[in-house]
Amino acid sequence: MTYSLPELSYDYSALEPHISARIMELHHSKHHQAYVTGANAALEAMAEARATENFVNIPRLQKDLAFHLGGHVNHSIFWKNLSPDGGSAEGELLAAISEHFGSYDAFQKHFNAAAMSIQGSGWAYLAWDSMGNRLVIGQLYDQQGNLAMGMIPLLMLDMWEHAFYLDYVNVKADYVKAFWNIVNWQDVSKRFDSVKANSASLLLG
Ligand code: MN
């Protein structure tokens, strides 16, 4: 098995009342686990295809790997992006947010709009664009669609219904609002510092 479910650094109940323990337990132990299992199954089937030189299922397996590995990556980041005491955006990260989006307030409104307007299932994200050496906000469809290669995710918000429906039913705006209370800005800053230091070589060698 290549991929495995990461342990959370906090209890399932730690993010209450913003996200309930019930959602966290299902989301982590069932949904995230399913993506890990799916990604491993796709890799195993690809190895089998190579061993038998039977590549008839490759198109489906490539889609399966992209979807399930996407789910594994996204959730692994999402859990670390959350914390009951994550502080606020500051320092170089705050300066970069202001530089690339005009102000923190403009960034937050843009991010909220991206989250609220996803058609179907997906994610809103703040990423480092390794080609332009800048921060960008994006909408990720399902687990893997609608983005260019080279986006390094810094902050992700799961907008699949499984992420909020038990707590917020159809009132997505309250879920998005609650999210800002539990963003782990120390984690986002750490990701930003790391990607910025290595950005020049990430795409262009
Ligand atoms: Mn999810």
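Helix 3 (91–101) is a good place to start in this predicted model. Its buried residues are Leu-93, Ala-96, Ile-97, His-100 and Phe-101. Viewed down the helix axis, these buried residues fall within an arc of 105 degrees, so they line one face of helix 3. On the other side of the helix, Gly-91, Glu-92 and Glu-99 are exposed. The buried residues of helix 3 have several packing partners: helix 4, strand 1, strand 2 and helix 7. Just after helix 3 comes Gly-102, whose phi is positive, at about 100 degrees.

Let us follow one of those partners, helix 7. This helix spans residues 185–202 and has a kink of about 40 degrees centred on Lys-196. Buried in helix 7 are Trp-185, Asp-187, Val-188, Ser-189, Arg-191, Phe-192, Val-195 and Ser-199. The cover over these buried residues includes helix 2, helix 3, helix 4 (104–116) and three strands: strand 1 (122–129), strand 2 (134–141) and strand 3 (151–158).

Helix 2, part of that cover, is also where Asn-74 is found. With a relative accessible area of 5%, Asn-74 is buried, the cut-off being under 20%. Leaving aside residues up to four places away in sequence, Asn-74 touches Trp-123, Leu-140, Gln-143 and Met-156.

Now to the metal. The manganese ion has His-27, His-75, Asp-158 and His-162 as its protein donors, lying 1.9 to 2.1 Å from the ion. The three histidines each donate through NE2, while Asp-158 uses OD. Along the sequence, the spacing of the donor residues is H-x47-H-x82-D-x3-H. His-27 belongs to helix 1 (residues 21–52) and His-75 to helix 2 (residues 58–81), so this pair ties together parts that are 48 residues apart in sequence.

Here is a quick look at how accessible three of the residues met so far are:

| Residue | Relative accessible area | State |
|---|---|---|
| His-27 | 1% | buried |
| His-75 | 0% | buried |
| Asn-74 | 5% | buried |

Helix 2 links several parts of this tour. Asn-74 lies in helix 2, and so does the manganese donor His-75. Helix 2 is also among the elements covering the buried residues of helix 7, and helix 7 in turn is one of the elements against which the buried residues of helix 3 pack.

Note on methods. Residues numbered from 1 in each chain as written. Predicted model: local features only at pLDDT ≥ 70, side-chain atom pairs only at ≥ 80, totals over all residues. Heavy atoms only, no water. Donors = N, O, S within 2.8 Å, 3.2 Å for Na, K, Ca; no water. Helix = DSSP H or I, 4+ residues; strand = E, 2+ residues; numbered from the N terminus. Buried < 20%, exposed > 50% of the residue type's maximum accessible area, 1.4 Å probe, protein only. Bend = angle between axes of the 7 residues up to and from the residue. Contact = heavy atoms within 4.5 Å. Arc of directions from axis to C-beta.
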